[in-house]
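Trainee: I would like a close look at a single part of this model. Please take one sheet, go along its strands, and then follow the contacts that lead away from them.

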Amino acid sequence: MRRPLVTLAAAVTLGLPLAACGGSDDGASGCSPADAELAVGAEDSLKFDEERYEAEAGCIEVTYTNNGSQAHNLLIEGKSGFKLNVGDVDTGTVELPAGNYELYCDLAGHEAAGMVADLEVS
Ligand SMILES: [Cu+2]
């Protein structure tokens with residue numbers, strides 16, 4: 001009975017540096033403190049709740065809310081590392097200079113069905 005306990009303790013000890021590494025990866029794709037906020041909603045009709053969003057340039061805190069019951073995600077074209085998943089609600093930060101961006105959901109068939117929107121950052 002002792003051996004499994006020792007093995008588990010060793011795995012937990014070894015797991016800590018890996019967890020810390022994963023945490024820093026998440027931080028690399030975000031920013032703080034947030035300068036601006038953006039709220040995006042997901043609908044069961046495979047649409048976002050707006051066709052066009054606006055936000056101020058800088059570190060943007062994005063709140064992604066699911067207004068339906070299907071799972072969705074949210075990506076920004078050209079910004080690898082930023083991805084929100086709902087579920088219910090998810091938030092994350094992303095640094096965006098002024099420009100025009102495209103928001104989309106990359107679940108199979110969703111973007112093709114219309115789950116895409118413009119984001120104007122100024
Ligand atoms: Cu979707």
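Mentor: What follows goes from the sheet to its salt bridges, then to two buried residues and the disulfide.

Bear in mind that this is a predicted model. Start with the layout. Five strands form an open sheet in the order β3-β9-β8-β5-β6. The pairing is mixed. β3 and β6 are the edge strands, each pairing on one side only. On average, neighbouring strands of this sheet are turned by 20° against each other, direction ignored.

Take the β3 edge. β3 and β9 run parallel and are joined by four bridges. One residue pair to find there is Glu54 with its bridge partner in β9, Glu120. Strands of a sheet pair through backbone hydrogen bonds, either parallel or antiparallel.

Now the side chains at this edge. Arg52 forms a salt bridge with Asp118, at 3.6 Å from N to O. Arg52 is in strand β3 (residues 52–55) and Asp118 is in strand β9, 66 residues apart. Arg52 also meets Glu120 in a salt bridge, at 2.8 Å from N to O. Here too the partners sit in β3 and β9, so this salt bridge ties together parts 68 residues apart in sequence. Glu120 therefore appears in two roles: it is the bridge partner of Glu54, and its side chain meets that of Arg52.

How open are these three residues? Arg52 has 43% relative accessibility, so it counts as partly exposed. Asp118, at 38%, is partly exposed. Glu120 is partly exposed as well, at 28%.

Go to the other edge. Lys83 in strand β6 (residues 83–86) forms a salt bridge with Asp106. The closest N and O atoms are 3.8 Å apart. Asp106 is not in a strand: it lies in the loop between β8 (99–104) and α2. The two residues are 23 apart along the chain. Lys83 is partly exposed, with a relative accessible area of 41%. For Asp106 the value is 38%, so that residue is partly exposed. Salt bridges that share partners join Arg52, Asp118 and Glu120 into one network. The salt-bridge count comes to three.

Asp106 leads inward. Its side chain makes a polar contact with the side chain of Asn73, at 2.6 Å. Asn73 belongs to strand β5 (residues 72–76). Its relative accessible area is 1%, so Asn73 is buried. Beyond its neighbours within four places in sequence, Asn73 is in contact with Phe48, Tyr64, Lys83, Leu84, Asn85, Tyr104, Cys105, Asp106 and Leu107. Both partners of the Lys83–Asp106 salt bridge are therefore among the contacts of Asn73.

Next, Met115. This residue lies in the loop between α2 (110–113) and β9 (116–121). Its relative accessibility is 0%, so Met115 counts as buried. Its C-alpha atom is 9.9 Å from that of Asn73, and the two residues are 42 apart along the chain. Residues up to four places away in sequence aside, Met115 touches Ala42, Leu46, Lys47, Phe48, Tyr64, His72, Leu103, Tyr104, Cys105 and His110. Compare the lists. Phe48, Tyr64, Tyr104 and Cys105 appear among the contacts of Met115 and among those of Asn73. Cys105 is itself buried, at 0% relative accessibility.

Finish with the cysteines. A search of the whole structure finds one disulfide. Cys31 and Cys59 form it, with their sulfur atoms 2.0 Å apart. The torsion about the S-S bond is about 90°, so this disulfide is right-handed. Cys31 lies in the loop between α1 (2–28) and β1 (36–43), and Cys59 lies in strand β4 (residues 58–66). They are 28 residues apart, so the pair links distant parts of the chain. Cys31 has 17% relative accessibility and counts as buried. Cys59 is buried too, with a relative accessible area of 2%.

To retrace the path: begin at the β3 edge with the network of Arg52, Asp118 and Glu120. Move to the β6 edge, where Lys83 meets Asp106. From Asp106, step to the side chain of Asn73. Then look for Phe48 and Tyr64, which are among the residues that Met115 touches.

Key
Residues are numbered from 1 along each chain as its sequence is written. This is a predicted model: local features need pLDDT of at least 70, side-chain atom pairs count only at pLDDT 80 or more; totals for chains, interfaces and linings use all residues. Side-chain values use heavy atoms; hydrogens and water are left out. Buried means under 20% relative accessible area, exposed over 50%, partly exposed in between (1.4 Å probe, protein chains only). Contact means heavy atoms within 4.5 Å. A salt bridge is a side-chain nitrogen of Lys or Arg within 4 Å of a carboxyl oxygen of Asp or Glu. Two strands pair if DSSP finds at least two bridges between them. Axes are lines fitted to C-alpha atoms, for helices over the stretch in contact, and angles run from 0 to 180 degrees between N-to-C directions. A disulfide is a pair of cysteine sulfur atoms within 2.5 Å. A polar contact is a pair of N or O atoms within 3.5 Å; within protein, one must be able to donate a hydrogen and the other to accept it, and residues adjacent in sequence count only if both atoms are side-chain atoms.
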